[in-house]
Amino acid sequence: MVQLSNTGVYLVNGETLIPDGPQAEAQLASLGIHTDRDSAKQQTIAYGILQKHTVSRDGDLLRLRYDSLTSHDITYVGIIQTARASGMTRFPMPYVLTNCHNSLCAVGGTINEDDHMFALSAAQKYGGIYVPPNLAVIHSFNREMMAACGNMILGSDSHTRYGALGTMAVGEGGGELAKQLVGRTYDIASPEVVCVYLTGEPQRGVGPHDVALSIIKATYANGYVKNKVMEFVGPGVSKLPVQYRNGIDVMTTETTCWSSIWRTDDQVREYFEIHGRPQAYQQLNPGQVAYYSGLVQVDLSQVEPSIALPFHPSNVYTIAELKANATDILEKVERDCLEQLGKQGLTRGLAQKVRDGQIYVDQGIVAGCAGGTFDNLCDVADILDGHSVGNGSFSMSAYPDSQPNYLELVQNGSVAKMMEAGAIVRSAFCGPCFGAGDTPANGELSIRHTTRNFPNREGSKPGDGQIAWVALMDARSIAATAINGGRLTAATELEGIQYRHPKYFFDQGIYEKRVYNGVGKADPDAALRFGPNIKDWPSIPSLTDDLLLKVVSYITDPVTTTDELIPSGETSSYRSNPLRLAEFTLSRRDPAYVGEAKAVQKLEVAREEGQMEPVAQELSGIYEKIRTLPGQESFDPAKVGIGSTIYAVKPGDGSAREQAASCQRVLGAWANLAQGYATKRYRSNLINWGMVPFLVEGEPTFSKGDYLFIPGLRKAILEGSDSITAYVLGADVQPISLSVGSLTQDEKEILLAGCLINYYRSQM
């Protein structure tokens, strides 16, 4: 089904695979081909697109400028506020501001709609594109209106992926978008490219989520494609409709790859023609001989309906193997999940979903950029046609991903079929993907064609004694389960289903009537519209020569998600208010964090104000230990910054939301300590907010509550030191070695300045 190669591979004429190794040169020569690996690397689709967008390069470092940017209403206020504070006067490229996350405007009073009006005024003032609430989810609008073959799009949502449409798209933290808005570049070491070679054709009833989950299962845990580009090629590509490709592509984020790109064909040409943008198409194929650093082979004909059990998209089983050993698998998942949450007294009951040898679920959801596509919902309608989802505890909702899509589903009868079966059809909204829509009851199991199933992604609050379980499945199998009263059913088990596969028509007039397009029409005299919850970023100090850090949270989970660092869901209403949002930092994982971080911050504020007496009194024992260190006899506490830090084994999996870092920063954090960082985007967020991304070798010798003293840190960062000596000031004073990995010159200067805003402001 999915096989990984342990070597690189040459791809000849887009068809023939030759594994790298001693025999590769001879095999290529037998085909009349003489090339070297470096030359062949330049024949990938990804390489050509990256070269086109490289403004300059410094050795292996690429400095990129994107064709357009995109954000939604959880992130755009902070980005625009950062760019304004950094000197932005207009949007230098098309910037799409969608409103698909905080669309429930009753939540938080006027807060959400205030943000939407801020975005409209920003689009008018700076020359952007404003997409009103309920009109389209972020990625659907960009697919329909912004993607173009050979282009690059940078978005502040982690699922920014338009590779199936020939667009290399990247999800990053808001700081990286702010850099583009002030005319700077996105800097990255030239990424490796992995070949994803598709063959065969999916079985009837197997959908894009089944393929995506199979790939995620094979690549996530081993980091096979981490921070790399996944390039989809092979004869199987043309066996997939474009919307099917989009559904696979958007889920590549969950492999932790950096971006994705697909070869294009006449189906992609037709997609752009339907959307009134034929000029956006060009054929993209690798060159005659392309070299890839890895190979993922996917036989589409062998993919089976699958399910990702709580609490990660990589926790994948085929539906058949789950049903064959349901009780044992569900009991294990339940134990692992409750251990991960570290909570007592939560409702157990996942394994109790097995009744009379069958698994029964309580809810089915098909939504967002992955689930709510035209093809998915047409197939859902055909499965539900003439059936009922029942009037018991099971419920089902569908969210078309855009208003043009919704209209076409109405006109071809799909909406009627879903509604007649008892399914609820809602407007375009991303809420079910992050815990703000269709929250199940306590103890219930929800199956969802959405992007993630992290804890709380269904809206429950384990910290308050609530828990619901989310499993990811393809829309077709969700519909099959619905017509069987919630009994878990793979779509391949159904007989006699007539899939219509109706032709898709696109009414661009819907957007023309409602979307504000101010590209090239910036009005500097237009006023920004602020709501009472929209606040400027607080003042952030620059990095001192020496630093004193207190470890206020110590997390030993294998991976810490951004949802645990700053919760999604109900907190999203406060995204435009840095200090208010910061009150939720680590609230799900370490509720004591905020109070302890504030206590440390209070000491730093006193130091900055020259009020050293309470600081010296609080830290007298710590300062005495520092004075025993070599070269610290004349140590001056007034010159040493004081900050908090967290330790986590591998933080940052999941969302691109910069608030995962900025909320720590506004509470006085100055660093993270980690064995490694789950994603590039989280590490970038730390740097852009002036937090040093320390790496710890081996098991830490410090504990929660310990102080770490790091002398000469500013100098070490500026000089690019491979190893930075720090001292653990516990019962005994112990030296430890830290590192920060590779930093660009700009990243060094951002850390020294204290944050991205300070860095750009100093250059104005």
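**Close-up views of a predicted model**

**View 1. Leu11 stands opposite Ala290 in strand S15, in an open sheet of three strands.** The model shown here is predicted, so local features need pLDDT of at least 70 and side-chain atom pairs count only at pLDDT 80 or more, whereas totals for chains, interfaces and linings use all residues. Residues are numbered from 1 along each chain as its sequence is written, and side-chain values use heavy atoms, with hydrogens and water left out. The strands follow the order S3-S2-S15, with antiparallel pairing, where a strand is a DSSP run (E) of at least two residues, numbered from the N terminus. Two strands count as paired if DSSP finds at least two bridges between them, and strand S2 (residues 9-12) is joined to S15 by four bridges in the antiparallel sense. Strand S3 (16-19) and strand S15 (289-292) are the edge strands, each pairing on one side only. On average, neighbouring strands of this sheet are turned by 25° against each other, direction ignored, as judged from lines fitted to C-alpha atoms.

**View 2. Strands S4, S5 and S11 form an open sheet beside which helix H3 can be found.** The order of the three strands is S4-S5-S11, and their pairing is antiparallel. Because strand S4 (54-58) and strand S11 (186-189) stand at the edges with a single partner strand each, one side of each is left without a neighbour in the sheet. The average turn between neighbouring strands here is 25°, direction ignored. Four bridges link S4 to strand S5 (residues 61-64) in the antiparallel sense, and Thr54 has Leu64 in S5 as its bridge partner. Helix H3 (residues 45-52) lies across S4 and S5 and runs at about 100° to S4, on a scale from 0 to 180 degrees between N-to-C directions.

**View 3. Helix H6 (138-145) is largely enclosed by the rest of the structure.** A helix is a DSSP run (H or I) of at least four residues. Eight of the eight residues of H6 are buried, which is why the helix is described as largely enclosed; buried means under 20% relative accessible area, exposed over 50%, and partly exposed in between, using a 1.4 Å probe and protein chains only. Among these buried residues are Ile138, Phe141, Arg143 and Met145.

**View 4. The largest cavity holds about 210 Å³ of space.** A cavity is a set of points on a 1 Å grid where a 1.4 Å probe fits but cannot get out, and its lining residues have an atom within 4 Å of a point. Of the 19 residues that line the largest cavity, His101, Asp157, His159, Phe434 and Arg457 are the closest to its centre. Helix H6 and helix H17 (431-434) each supply at least two residues of this lining. By residue type, the lining divides into six nonpolar, eight polar and five charged residues. Over the whole structure, a search finds eight cavities of 30 Å³ or more.

**View 5. Pro462 and Asp336 are two single residues that differ in setting.** Pro462 sits in the loop between strand S24 (445-449) and strand S25 (469-473), and it counts as buried because its relative accessibility is 8%. From Pro462 to Met396 the C-alpha atoms are 23 Å apart in space, with their positions 66 residues apart in sequence. Asp336 belongs to helix H12 (residues 326-341) and is partly exposed, with a relative accessible area of 36%. Asp336 and Pro310 lie 26 residues apart in sequence and 9.2 Å apart in space, C-alpha to C-alpha.

Note on methods. On a 1 Å grid over the protein atoms alone, a cavity is a set of points where a 1.4 Å probe fits but cannot get out, and a pocket is an open set with protein on both sides within 12 Å along at least five of seven lines; lining residues have an atom within 4 Å of a point. Grid points are joined across faces, edges and corners, and a volume is the space filled by probe spheres set on the points. Ala, Val, Leu, Ile, Met, Phe, Trp, Tyr, Cys and Pro count as nonpolar, Asp, Glu, Lys and Arg as charged, and the others, Gly among them, as polar. Contact means heavy atoms within 4.5 Å.
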